[in-house]
Amino acid sequence: MGTTQLASVPEPKYQHLKTVIGEALDSDFAVGEILPNERELAARFGVARATLRQALEQLELEGRLQRRRGVGTTVAPPRVGVDVSTTQHTWPGVGDDVWQPQDSAADVAPAAVARVLETGTDEQVHVVRRIRISQGQPVAAELLYVPAGSVPGLSAIDTPAGPARARAVLRELQHLALDGQDRSVELGSARADDAKELDRLPGAPVLVVTTRYLSAGRTAAVSVATYRADTCRLTFGDSVDLVMAS
């Protein structure tokens, strides 16, 4: 990775530096290779470490780099295409669902989710935690919020906590007729629990996909799925043109 003179560049220094490092990633580094540390890179390019971090953060957001716990900054592999279309209206856990149930517990939903579910802010709901694996690595973590009224038969089922309890909630949810679902996608930052689940650093860029499941004219469940922005590109349906975070 060579040096360059940045002082006379009219664009922001971090933007130009991002371009220079990006070109070096294509020519001088292999996938998975560890970059020099920030101190060495900043000295090599004659920039402040804050400027360097801005450039690295942009490259991470574009999926070119990964920051890994205990390893450092590495060159990222190509992004994995993840279909998040709503063309197939099915409940979570039906058919060839790619999500793996991890656990289920009773807890209070976040205020924003409680408003969508029309539950009280202090009312407990079933929270199912699931993980999505692609090519052997976790690419997304999901919290599925299900009000007690959506799964009335669950109270009669004696299932211990863990994956079995999560699957029981999903099975009971399927007793409802699914009218449809809607979905939104937004850019966010990894919270501490999401970061740990996905082997990311807290604050790393993520894509948050929120899905609302509708039954009998009301919201029967809400899914909040956090996808790794460095390894995922979200596709919609069969169209290869509709790609998020490419």
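A residue counts as buried when its relative accessible area is under 20%. Keep that cut-off in mind for this tour of a predicted model.

**Whole chain**

Show the protein chain as a cartoon. Six helices and 11 strands should appear. Along the principal axes, the C-alpha atoms fill a box of roughly 70 × 35 × 30 Å. Of the 246 residues, 43% are buried.

Now switch on the surface. The protein chain exposes about 12,400 Å², and carbon and sulfur atoms supply 49% of that area. Next, colour by charge. There are 26 positive and 31 negative side chains. The centres of these two sets lie 4 Å apart.

Contacts come next. Take those between residues at least 6 apart in sequence: 64% of them join residues at least 24 apart.

**Helix α5**

Select residues 163-173, which form helix α5. Which of its residues are buried? They are R165, A166, A168, V169, L170, E172 and L173. Add strands β4 (99-108), β5 (124-134), β6 (137-146) and β9 (218-228) to the view. The buried residues of α5 pack against these four strands.

**The largest nonpolar core**

Hide the surface and select L17, I21, L25, L35, F45 and L52. These residues have the most contacts inside the largest nonpolar core, which has 16 residues. Which elements give two or more residues to this core? Look at α1 (13-28), α2 (38-45) and α3 (49-61).

Apart from this core lies another one, of 14 residues. Select L144, L154, A166 and A220, which are among its members. A166 is also one of the buried residues of α5.

In soluble globular proteins, nonpolar side chains tend to be buried together.

**Around L25**

Go back to L25 and centre the view there. Leaving aside residues up to four places away in sequence, L25 touches L35, R64, L65 and V75. L35 also belongs to the largest core.

**R44**

Move to helix α2 and pick R44. Is R44 buried, partly exposed or exposed? R44 is partly exposed, because its relative accessible area is 28%, and partly exposed covers the range between under 20% and over 50%.

Show side chains here. The side chain of R44 makes a polar contact with the side chain of E40, at 2.8 Å. Finally, draw a line from R44 to R64, C-alpha to C-alpha. The two residues are 20 Å apart in space and 20 residues apart in sequence. R64 is one of the residues that L25 touches.

Key. Residues are numbered from 1 along each chain as its sequence is written. This is a predicted model: local features need pLDDT of at least 70, side-chain atom pairs count only at pLDDT 80 or more; totals for chains, interfaces and linings use all residues. Side-chain values use heavy atoms; hydrogens and water are left out. Buried means under 20% relative accessible area, exposed over 50%, partly exposed in between (1.4 Å probe, protein chains only). Contact means heavy atoms within 4.5 Å. Accessible areas come from the Shrake-Rupley method with a 1.4 Å probe; for residues, only the protein chains shown count as cover. Lys and Arg count as positive and Asp and Glu as negative; His and the chain ends are not counted. The place of a charge is taken as NZ of Lys, CZ of Arg, CG of Asp or CD of Glu. A nonpolar core is a set of buried Ala, Val, Leu, Ile, Met, Phe, Trp, Tyr and Cys residues joined through side-chain atoms within 4.5 Å. A polar contact is a pair of N or O atoms within 3.5 Å; within protein, one must be able to donate a hydrogen and the other to accept it, and residues adjacent in sequence count only if both atoms are side-chain atoms.
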